[in-house]
Each structure stands twice: as C-alpha cells, then as structure tokens.
Amino acid sequence: MAAQEKVRSELKGTTLRVYWALMKRGSEGVGPREIMRELDLSSPSVAAYHLEKLKGMGLVDKDAGGGYVAVEGGKAEVFSDFVKVVGMMLPRYLFYSVFFTSMLITYLVLYPLVLTPQTLAALVFGISGCAITWGETIRAWRRKPF
C-alpha cells in the first residue's frame, strides 16, 4: 500500500504527462528525445529524468532496444477512469453513455410517445441514465491528464 501512496503523490505535472504519452504509445519503445519533442520539453535530459522517475515507481520499463515502455498492468490510479481502445484513451463512462442514449433513442423510435405512466417512467429513467453517464463522461474527459 505504501508503494501505491508514493505513486499517487509523485505522479503529477510533467511526470504524469510523460506517463500518459507512454500509455498512448502502448508497447512501442520510446526514447527521451521523442518524449521531449512530443511534449515540447526543454531538453532530452528533462524527459530522461521523468522517464527514470517513472521507472523507479515501477510504471515504466526499458525494452531490449533501450526504449521506455509502460508496464502492462502497472496503470496508476489516475487512469482508472479510462480504457485504451485502438490506441486511444477513452473515458470508461463513454460506453455506458452511448448504451443508454441508444436505448433511449430506440425506445422513442419503436414506441409511440403517448403520455401514460409507463411511458413517463421509461422516459424519466432513460433521460436520467443518459444525463448521469454523459455527465461522468464529460467530467472524466475534462480531468484527463494531458
């Protein structure tokens, strides 16, 4: 538990941005110069410092070619709201939002809009589900660490 607390306290600012860049690249090894260019850092030594800091936290490892890669399963808590899909980090709630929205639209298309108690209940639950999940999706997207 102490290691997780250390990661939580040290994974901020530029170090977090470097880790995010590595997470987006997947298993592709990357060197300090590429990180420096991608994140517009002042020098390769700054990128190397943050890469080594991440390596010390156990979140990053070096591949055979000397490039840095994010450790599988070593995701920090800050990424718990995101899922990697086709090289993109997407908010986890996005899938629930799309599901609830498509279900609501399907209901509105298939069933006539007659104001009965059942229809009102279905609309309240559908709209509530959409509002909550889209709110959480937008909140996670705004908090993304890049």
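How far apart, in helical turns, are Glu136 and Arg139 in helix H6? They are separated by about one helical turn, being three residues apart in that helix, which covers residues 117-142. Keep in mind that this is a predicted model. The protein has six helices and four strands, and buried residues make up 33% of its 146 residues. Here is the rundown by topic.

**Overall layout**

- Reading from the N terminus, the elements go α-α-α-α-β-β-β-β-α-α, so the four strands sit in the chain order between four helices and a final two.
- If you take the contacts with a separation of 6 or more, 56% of them are between residues 24 or more positions apart.

**The nonpolar core**

- The largest nonpolar core has 24 residues, and the members that touch the most others are Val18, Tyr19, Leu22, Ile35 and Leu54.
- At least two residues of this core come from each of helix H2 (13-25), helix H3 (32-39), helix H4 (44-57) and strand E2 (68-70).
- H2 hands over the largest share of this core, with seven residues.
- Leu22 is a handy one to click on: setting aside residues up to four places away in sequence, it touches Val30, Ile35, Leu51, Leu54, Val60, Tyr68 and Ala70.

**Helix H2 up close**

- Quite a list of H2 residues is buried: Thr15, Leu16, Val18, Tyr19, Trp20, Ala21, Leu22 and Met23.
- Does the length of H2 agree or disagree with what its residue count predicts? It agrees: 13 residues at 1.5 Å a residue should span 18 Å, and the end C-alpha atoms are 19 Å apart.
- Right after H2 comes Gly26, with a positive phi near 75 degrees.

**A positive phi that isn't glycine**

- Most residues other than glycine have a negative phi.
- Asp40 goes the other way, with a positive phi of about 55 degrees although it is not a glycine.
- Where is Asp40? You'll find Asp40 in the loop between H3 and H4.
- Asp40 is also exposed, because its relative accessible area is 70% and the cut-off for exposed is over 50%.

**The salt bridge**

- The count of salt bridges comes to one.
- The pair is Glu136 and Arg139, whose side chains meet at 2.8 Å, N to O.
- Buried, partly exposed or exposed: what is Glu136? Glu136 counts as partly exposed, at 25% relative accessibility.
- Its partner Arg139 is partly exposed as well, with a relative accessible area of 39%.

**Aromatic pairs**

- There are four aromatic pairs by count, and one of them is Phe99 with Phe100.
- A pair of aromatic rings is described by the distance of the centres and the angle of the planes.
- For Phe99 and Phe100 the centres are 5.7 Å apart and the planes are at 65 degrees, so this pair is edge-to-face; the angle cut-off for that label is over 60 degrees.
- Phe99 is partly exposed at 47% relative accessibility, and Phe100 is partly exposed with a relative accessible area of 32%.

**Buried spots on helix H6**

- Thr137 lies in helix H6 and is buried, with a relative accessible area of 5%.
- Which side chain makes a polar contact with the side chain of Thr137? That would be Ser97, at 2.8 Å.
- Beyond four places in sequence, Thr137 touches Pro91, Tyr93, Leu94 and Ser97.
- Thr133 is in helix H6 too, and at 7% relative accessibility Thr133 counts as buried.
- Not counting neighbours within four places in sequence, Thr133 is in contact with Tyr93, Tyr96, Ser97 and Phe100. So Tyr93 and Ser97 turn up in the contact lists of both Thr133 and Thr137.
- Leu123 is another H6 residue, buried with a relative accessible area of 15%.
- Leaving out residues up to four places away in sequence, Leu123 touches Leu104, Leu108 and Leu113.
- Leu123 and Tyr107 are 16 residues apart along the chain, and their C-alpha atoms are separated by 8.8 Å.

Methods:
Residues numbered from 1 in each chain as written. Predicted model: local features only at pLDDT ≥ 70, side-chain atom pairs only at ≥ 80, totals over all residues. Heavy atoms only, no water. Core = buried A, V, L, I, M, F, W, Y, C linked by side-chain atoms within 4.5 Å. Buried < 20%, exposed > 50% of the residue type's maximum accessible area, 1.4 Å probe, protein only. Contact = heavy atoms within 4.5 Å. Salt bridge = Lys/Arg side-chain N within 4 Å of Asp/Glu carboxyl O. Phe/Tyr/Trp six-rings, centres within 6.5 Å; stacked < 30°, edge-to-face > 60°. Expected span 1.5 Å × (residues − 1). Polar contact = N/O pair within 3.5 Å; in protein donor to acceptor, adjacent residues only side chain to side chain.
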